[in-house]
Protein chains: 2
Amino acid sequence: MRISQLSAASGVPIPTIKYYLREGLLPSGEQTSATRAEYGEAHVRRLRLIRALLEVGRLPIASIRKVLAAVDDEDLSMHHVLGTAHYAIAPEVAPHPDDEDWRRARAEADRLISELGWRIEPWAPTRDELAQAVQTLDRLGMPATGEALRPYARAAASLVEQEMGTIPMDGPRETAVEALVIGTVVHGRVLDVLRRLAHESASARIFEARQAGKDCQAEKDRPTP
Amino acid sequence: MRISQLSAASGVPIPTIKYYLREGLLPSGEQTSATRAEYGEAHVRRLRLIRALLEVGRLPIASIRKVLAAVDDEDLSMHHVLGTAHYAIAPEVAPHPDDEDWRRARAEADRLISELGWRIEPWAPTRDELAQAVQTLDRLGMPATGEALRPYARAAASLVEQEMGTIPMDGPRETAVEALVIGTVVHGRVLDVLRRLAHESASARIFEARQAGKDCQAEKDRPTP
DNA sequence: CCTATTAGCTACCTGTACTATCTAATTATG
DNA sequence: CATAATTAGATAGTACAGGTAGCTAATAGG
């Protein structure tokens with residue numbers, strides 16, 4: 001398969017494929033001469049994974065590179081690939097270690113994690129992400145106690161439990177690892193989208209009585225298609 | 001309160017505050033002379049909300065402007081403010097209306113929503129987001145049937161139900177509306193982070209037996225603090 | 001042999017979220 | 001009263017992300 005066919009098969013423009021090659025997201029094809037390289041099904045697959053992480057997972061290119069490097073490293077156990085993915089996904093959160101509010105939020109996050117009995121590395125950046133959310137809720141006057149977060153944690157744990165059951169652990173490593181990464185990234189988005197849909201629906205149910213007469217005005221505000 | 005005090009109180013640098021004023025995210029202070037304006041507690045509050053939407057919610061400035069405009073529009077019902085927030089949050093998803101795969105994914109998304117009995121506007125961009133995720137999973141060979149998505153939907157619905165109960169519906173409009181927006185954005189992130197934590201924990205539990213001997217090597221890969 | 005395609009390279013472009021600087025008008029301070 | 005500091009408002013510049021475009025030399029296929 002030549003680059004033009006790879007482009008056609010994947011829907012990704014040639015210059016973009018070249019960009020991904022430069023950035024080390026996509027392995028080079030097998031060089032058959034100075035101006036020819038041969039690409040295969042693995043490249044199509046890889047491109048699909050890249051686009052999934054980029055468009056659905058909203059990961060920056062640099063993070064995708066790290067994730068894919070871990071996926072390709074045969075020496076890493078599945079758990080460590082997943083760990084790398086989690087590290088790469090977690091956005092930098094600029095902790096202010098000498099800020100009192102920050103320390104309290106971080107302590108609250110750590111407390112919740114240990115109460116739940118979750119096995120999370122002490123240096124996991126995800127802890128900081130949780131602390132950031134907790135701190136933000138505190139500052140906004142909606143304090144996030146462990147009490148308030150526990151339902152979210154339980155729901156998350158139960159969904160993840162189910163999801164883990166569907167990973168083909170005993171198939172080829174690559175399949176399992178990709179399924180894990182997709183689980184982390186794409187299913188995260190699925191849950192987020194469904195939550196927003198549920199939110200809109202709940203809001204419609206709850207408020208429909210209160211606003212009865214206002215629908216006509218609202219219709220005018222509808223964005224024109 | 002002058003701009004320098006506003007900056008100190010909120011932790012946002014003066015040039016950034018000026019930028020938010022220019023961009024219409026923050027209302028101007030009360031002009032007391034050609035070179036003085038007076039800011040109040042509302043400005044501090046607004047800045048905190050902006051930073052929450054930006055840093056935790058990862059919303060682009062343009063979306064934040066739309067959300068805040070809706071929050072400030074006293075003529076909009078709470079449901080419509082929330083709708084605006086949902087519209088603003090949903091990233092553009094570039095649907096290809098003549099792509100067969102896309103149409104199938106979109107149909108699957110619509111089917112799931114109607115099966116669940118959710119009240120979602122037909123033109124809601126969130127439908128496209130769900131369709132995008134479904135299409136991506138299809139392409140990656142992990143087809144997302146309604147069956148597979150239902151547990152996520154149920155969990156989302158139940159969490160949202162609880163969350164709605166905590167909104168102070170009968171307090172001042174601004175408080176309720178802000179709580180709704182924060183619920184949409186910040187609690188979404190909380191759930192996402194908790195899901196990734198649960199994922200890491202589950203992975204640790206499941207794989208610890210399989211990798212026993214590899215921990216030493218793994219420790220060396222730990223990012224240096 | 002001639003046209004099209006390709007790898008590898010460098011340069012360029014667009015959008016986002018700031019940052020910096022400048023000006024003129026105040027306001028506070030010694 | 002003079003002088004230093006602060007401010008609003010405006011313009012311009014920066015850094016990064018994610019591509020996109022064009023160039024050159026080599027080669028493949030007809």
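**A friendly note on DNA strand D and its two protein chains**

1. Let us begin with the protein surface near DNA strand D. At least two residues each come from α2 (14-22) of chain A and from α1 (3-10), α2 (14-22) and β2 (36-38) of chain B. Here, near means that a residue has a heavy atom within 4 Å of the strand, while helices (H or I, at least four residues) and strands (E, at least two) are DSSP runs, numbered from the N terminus. The largest share, five residues, is supplied by α2(A).

2. A word on how to read the model. It is predicted, so local features need pLDDT of at least 70 and side-chain atom pairs count only at pLDDT 80 or more, whereas totals for chains, interfaces and linings use all residues. Residues are numbered from 1 along each chain as its sequence is written, chains are lettered from A and ligands numbered from 1 in the order in which they are written, and side-chain values use heavy atoms, leaving out hydrogens and water.

3. Which residues come nearest to DNA strand D? Of the 24 around it, they are Thr16(A), Arg22(A), Leu54(A), Ile61(A) and Ser4(B). On the DNA side, sugar and phosphate make up 70% of the strand D atoms that come within 4 Å of the protein.

4. The bases are reached as well. A side-chain N or O atom of Lys18(B) is 3.2 Å from a base nitrogen of DNA strand D, and one of Arg36(B) is 3.1 Å from a base oxygen. For Thr35(A), the partner is a sugar or linking oxygen, at 3.5 Å.

5. Arg46(A) deserves a look too. This residue sits in helix α3 (residues 41-56) of chain A and is buried, with a relative accessible area of 7% (buried means under 20%, with a 1.4 Å probe and protein chains only). Its side chain makes a polar contact of 2.8 Å with that of Asp72(A); within protein, such a contact is a pair of N or O atoms within 3.5 Å, one able to donate a hydrogen and the other to accept it, and residues adjacent in sequence count only if both atoms are side-chain atoms.

6. Finally, how do the two chains relate? A turn of 180 degrees and a shift of 0.0 Å along the axis lay chain B on chain A with an RMSD of 0.1 Å, superposed by least squares on the C-alpha atoms of residues with pLDDT of at least 70 in both. The copies are thus related as by a two-fold rotation axis. In chain B, the C-alpha of Ala155(B) is nearest that axis, 3.1 Å away.

Definitions and conventions:
Buried means under 20% relative accessible area, exposed over 50%, partly exposed in between (1.4 Å probe, protein chains only).
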